[in-house]
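Please work through the exercises below with the sequence and the structure open. Each task is followed by a solution in steps.

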Amino acid sequence: MSSSRDMELTQRFLALQGIAAEAAALAMRYFEDRDSLAISLKGAQDWLTEADGAVETLIRQRVAEAFPDDGVLGEEGGGAVADRLWIVDPIDGTANFAHGDRTWCVSIGFMMNGTPELGCIAAPALGEIYLARKGHGATLNGKPIRAAATNDIARSTLEHGWSPRLPVEQYLATVARLFGAGANVKRSASGALGVAAVACGRTDGYVEGHINSWDVAGGVVIAAEAGARVSDFFAGDWTSGNPIIVAAPGVADAVAEVSGIALSPAASGTD
Ligand code: IPD
Ligand code: CA
């Protein structure tokens, strides 16, 4: 028997897929016509393109049409926490997008009563759509995905996200410790796709000392459903961002210890 909560989530899961596909197609049109795009900096290395605002506006319109009482929190337009909340990054990896690098995505998460329930990360320039519903598994282009079975940090590939919101010295010191533990450390410059990469086993961990909710709201559901361990980003006050760690279960404790970014005990994956 399906509860009204299940029905609400099913409706939103279906809508999420349509909204993400439409948003990704719009973002892709801007990307393909990048030479005529207005590109600016909001702050140091904080990129903004015309596409960010247009894609977020489209997502807000579609959510308002289908679920007028739901809240939307977006990177460009802000918003407030609500019982039914869509968290939107219209373009994650904006620096990549602005430079013509295909590693960017539209990221949408949905939370009900404070719990992340649905996630979609659409990367149209890569031809990839990640999707998950809590308790129902995670997919990439419709096929189930799992986090890697890696169990030795010295065999791991990790991504350490960076932004100018924290001192670069802190970032470099953490990178040095991870290399010191034998990891291969990289940075692809899209936090959402970084988390998705852990979910499908392309990397063994993603860490960042401070990241915003719109970067990870979709990814945490996808990664947890793929069996990764995910820190409890949305516990407590998350509205001004938090640290994040998402890792393959066999290296998660080691990555947490070396990076100094805690895994909450309540925040393990679904298996
Ligand atoms: C940034 C990217 C980056 C991450 C930063 C984010 P933006 O978002 O996800 O990889 O390290 O924390 O702010 O500016 O590309 O939307
Ligand atoms: Ca972002």
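The exercises cover the ligand shell, a sheet and some single residues.

The model is predicted: local features need pLDDT of at least 70, side-chain atom pairs count only at pLDDT 80 or more, and totals for chains, interfaces and linings use all residues. Residues are numbered from 1 along each chain as its sequence is written, chains are lettered from A and ligands numbered from 1 in the order in which they are written, and side-chain values use heavy atoms, with hydrogens and water left out.

**Exercise 1.** Describe the shell around ligand 1 and state which domains supply it.

Solution. Start with the count: 17 residues surround the ligand, where a residue is near a molecule if one of its heavy atoms lies within 4 Å of it. The closest are Asp92, Gly93, Arg165, Gly191 and Glu208.

Next, sort the shell by residue class. It holds five nonpolar, six polar and six charged residues. Here Ala, Val, Leu, Ile, Met, Phe, Trp, Tyr, Cys and Pro count as nonpolar, Asp, Glu, Lys and Arg as charged, and the others, Gly among them, as polar.

Then look at the origin of the residues. Domain 1 (3-144) and domain 2 (153-267) each give at least three residues to the shell; the bounds come from an automatic or database domain assignment. Strands β4 (84-92) and β12 (205-211) each supply at least two. Helices (H or I, at least four residues) and strands (E, at least two) are DSSP runs, numbered from the N terminus.

**Exercise 2.** Find polar atoms of the protein that lie close to oxygen atoms of ligand 1, and say how much of the ligand is covered.

Solution. A polar contact is a pair of N or O atoms within 3.5 Å; within protein, one must be able to donate a hydrogen and the other to accept it, and residues adjacent in sequence count only if both atoms are side-chain atoms. A polar backbone atom of Gly93 is 2.7 Å from a ligand oxygen. For Glu75, a polar side-chain atom lies at 3.2 Å. For Ala189, a polar backbone atom is at 3.4 Å. The protein covers 92% of the 380 Å² of accessible area that ligand 1 has on its own, by the Shrake-Rupley method with a 1.4 Å probe; for residues, only the protein chains shown count as cover.

**Exercise 3.** What is the sign of phi in Ala189, and where does this residue sit?

Solution. Most residues other than glycine have a negative phi. Ala189 has a positive phi of about 75 degrees. Ala189 is in the loop between β11 (184-186) and α5 (191-199). At 22% relative accessibility, Ala189 is partly exposed, a class that lies between buried (under 20%) and exposed (over 50%), with a 1.4 Å probe and protein chains only.

**Exercise 4.** Place strand β10 in its sheet.

Solution. The sheet is open, with five strands in the order β11-β10-β12-β14-β13 and mixed pairing. Its edge strands, β11 and β13 (229-230), each pair on one side only. Two strands pair if DSSP finds at least two bridges between them. β10 runs parallel to β11 over three bridges, and three bridges also join β10 to β12 in parallel. Leu158 has Val185 as its bridge partner in β11 and Gly205 in β12. Finally, check the faces of β10 (residues 157-160): Thr157 and Glu159 on one side, and Leu158 and His160 on the other, are all buried.
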